[in-house]
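Let's take a walk through this structure, one feature at a time. Keep the sequence and the 3D view open as you read.

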Amino acid sequence: MTSFVYADDTQGSSNTHSFVQFLSDIRSQATLNDAFNDLTPNPKVLEYDRNQAEFNLNFWRYLNSRVSQNRLDKGVIKLQQHQQFLQENYKKYGMPSQIIVAFWGLETNYGKNVGKMHLIRSLATLSFDKRRREFFTHELLTLLKLIDEGKLPLNAQGSWAGAMGNMQFIPTNVAAYVIDANTDGKIDLWHTQADIFASAAHFLKKIGWHQGERWGREVNIPKTFNYHLANLSTKKTVNEWQTLGVRTIDDTNLPNSNMQASLILPMGYNGPAFLVYQNFHAILRWNRSILYALSVGHLSDRLIGASQLFAKSITEPSLSRDDIKQIQTTLNQLGFDTGEPDGIPGPKTRHATRAYQKANNLPIDGYVGYQLLQQLQ
């Protein structure tokens, strides 16, 4: 395989020649000639990449759009409709039916939105782009290998990010985790329910789901709580959180347990609090967005009769990518390092936010939201 030589620019018609050169650099088999024939970058893919809802929506806007009444009602029907396949999965993989259906609902609205974008073109565009070049190049090469092996069609379609089927598996996950559950010699993530559910259950088991454990729970925290402890990297036993004043949402004692847990505040100290366990981290390995993981967990609970969250919804403007860049730039100017401003509130930005909050005697919750933007202006 030829070593990669990349151009610096990623958008615009003037880059067509460099994109063609990029494809030439990774061409190695006859199959690839068919895949790359007359291929051009898709600027829409880069637009979607820069404007993901996980980057721009706050907790309540994200949750209310993902765990809508319509999605809940449809999920309850799907849970009953596919009970046989789901129960078989539970026996084999230990995966609760409501968790599988919740992922299905969040990923594609139960198969309604599986994506209609040409996967090769999408992944080639993202591979050429600088933001996550190494990751998407690996996905592109894996996709081409799956096509070369006859496991996927040359014209396979999916999301702008290269995910496919009802559960939106990226190519490396298709290669590693997909199951031919009905043993018909084919793997069908679009139409064969047995394959779809078994593949999702197998994937979750392999990435760390612990049978018999819950993902997390909404909790109450005292007004005197040390918000600096509210992050995924701080882990304590449930009993230790109990001694720090954390209680169930109806203000009773937490279970007597030495299970490791973290406490998170997805909308800062004014929003809801969640105690999350090992299975929450498994959900994050499927999708690294905390908002996504909380939505999967909450939808799965609602599917089996749990009530809405106890915390009241807060109306707060969502931040645009430019707003977040402004926060990052200002924090950098004040000496709190967020790295190169990119409009994405990642761990480094949250760490810098905590440092700023501590220096200014503010609640140290690390929340990158509208209130922070106002404080910095």
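What follows goes through the sheet, a pocket, the aromatic pairs and the salt bridges. Keep in mind that this is a predicted model.

Start with the sheet. It is an open one of five strands, and if you step across it you meet them in the order β4-β6-β7-β3-β5, with antiparallel pairing. Which strands stand at the edges? Those are β4 and β5 (247-248), and because each has a single partner strand, one side of each is left without a neighbour in the sheet. As background, strands of a sheet pair through backbone hydrogen bonds, either parallel or antiparallel.

Now cross the sheet from the β4 end. Strand β4 covers residues 236-237 and pairs with β6 in the antiparallel sense, over two bridges. To find the register here, look for K236, which stands opposite A261 in β6. Strand β6 itself runs over residues 260-264 and is mostly covered, with four of its five residues buried.

The next step takes you from β6 to β7 (residues 273-276); the two run antiparallel and are joined by three bridges. Here S262 is a handy marker, as it stands opposite V276 in β7. Then comes the step from β7 to β3, again an antiparallel pairing, this time over four bridges. On this side, V219 has A273 in β7 as its bridge partner.

Stay with β3, since it also turns up in the second largest pocket. That pocket holds about 250 Å³ of space. Its lining is made of 14 residues, and the ones nearest the centre are R214, R217, E218, I249 and D301. Which elements supply at least two lining residues each? They are β3 (216-220) and α15 (290-303). Strand β3 gives the largest share, three residues. Sorted by class, the lining comes out as six nonpolar, four polar and four charged residues.

On to the aromatic rings. A search of the whole structure turns up 17 aromatic pairs. One of them joins F59 and F274, whose centres are 6.0 Å apart with 55° between the planes, a tilted arrangement. This pair links distant parts of the chain: F59 sits in helix α5 (residues 59-66) and F274 in strand β7, 215 residues apart. So here you are back at a strand of the sheet, as β7 is one of the five. Are these two residues buried or exposed? Both F59 and F274 are buried.

A second pair worth finding is F103 with Y292. The ring centres lie 6.3 Å apart and the planes meet at 50°, so this pair is tilted. It too links distant parts of the chain, with F103 in helix α8 (residues 97-108) and Y292 in helix α15, 189 residues apart. You have already met α15 as a contributor to the pocket lining. Both F103 and Y292 are buried. They also belong to a wider group: F103, F169, Y177, F203, W286 and Y292 form one aromatic cluster.

Last, the charged side chains. As a reminder, side chains of opposite charge can pair when their charged atoms come close. How many salt bridges does the model have? The count comes to three.

Look at E149 for two of them. The side chains of E149 and K145 meet with N and O 2.4 Å apart. K145 counts as exposed because its relative accessibility is 51%, and the cut-off is over 50%. E149 is partly exposed, with a relative accessible area of 39%. E149 also forms a salt bridge with K151, where the closest N and O atoms are 3.4 Å apart.

The remaining bridge to look up is the one between K348 and D337, with the closest N and O atoms 3.4 Å apart. This pair links distant parts of the chain: K348 is in helix α17 (residues 347-359), while D337 is in the loop between α16 (321-333) and α17, eleven residues away. K348 is partly exposed, at a relative accessible area of 44%, and D337 counts as partly exposed too, at 47%. Going back to the other bridges, K145, E149 and K151 are joined into one network by salt bridges that share partners.

Conventions. Residues are numbered from 1 along each chain as its sequence is written. This is a predicted model: local features need pLDDT of at least 70, side-chain atom pairs count only at pLDDT 80 or more; totals for chains, interfaces and linings use all residues. Side-chain values use heavy atoms; hydrogens and water are left out. Buried means under 20% relative accessible area, exposed over 50%, partly exposed in between (1.4 Å probe, protein chains only). Two strands pair if DSSP finds at least two bridges between them. A salt bridge is a side-chain nitrogen of Lys or Arg within 4 Å of a carboxyl oxygen of Asp or Glu. On a 1 Å grid over the protein atoms alone, a cavity is a set of points where a 1.4 Å probe fits but cannot get out, and a pocket is an open set with protein on both sides within 12 Å along at least five of seven lines; lining residues have an atom within 4 Å of a point. Grid points are joined across faces, edges and corners, and a volume is the space filled by probe spheres set on the points. Ala, Val, Leu, Ile, Met, Phe, Trp, Tyr, Cys and Pro count as nonpolar, Asp, Glu, Lys and Arg as charged, and the others, Gly among them, as polar. Rings of Phe, Tyr and Trp (its six-membered ring) pair if their centres lie within 6.5 Å; planes under 30 degrees apart count as stacked, over 60 as edge-to-face and the rest as tilted.
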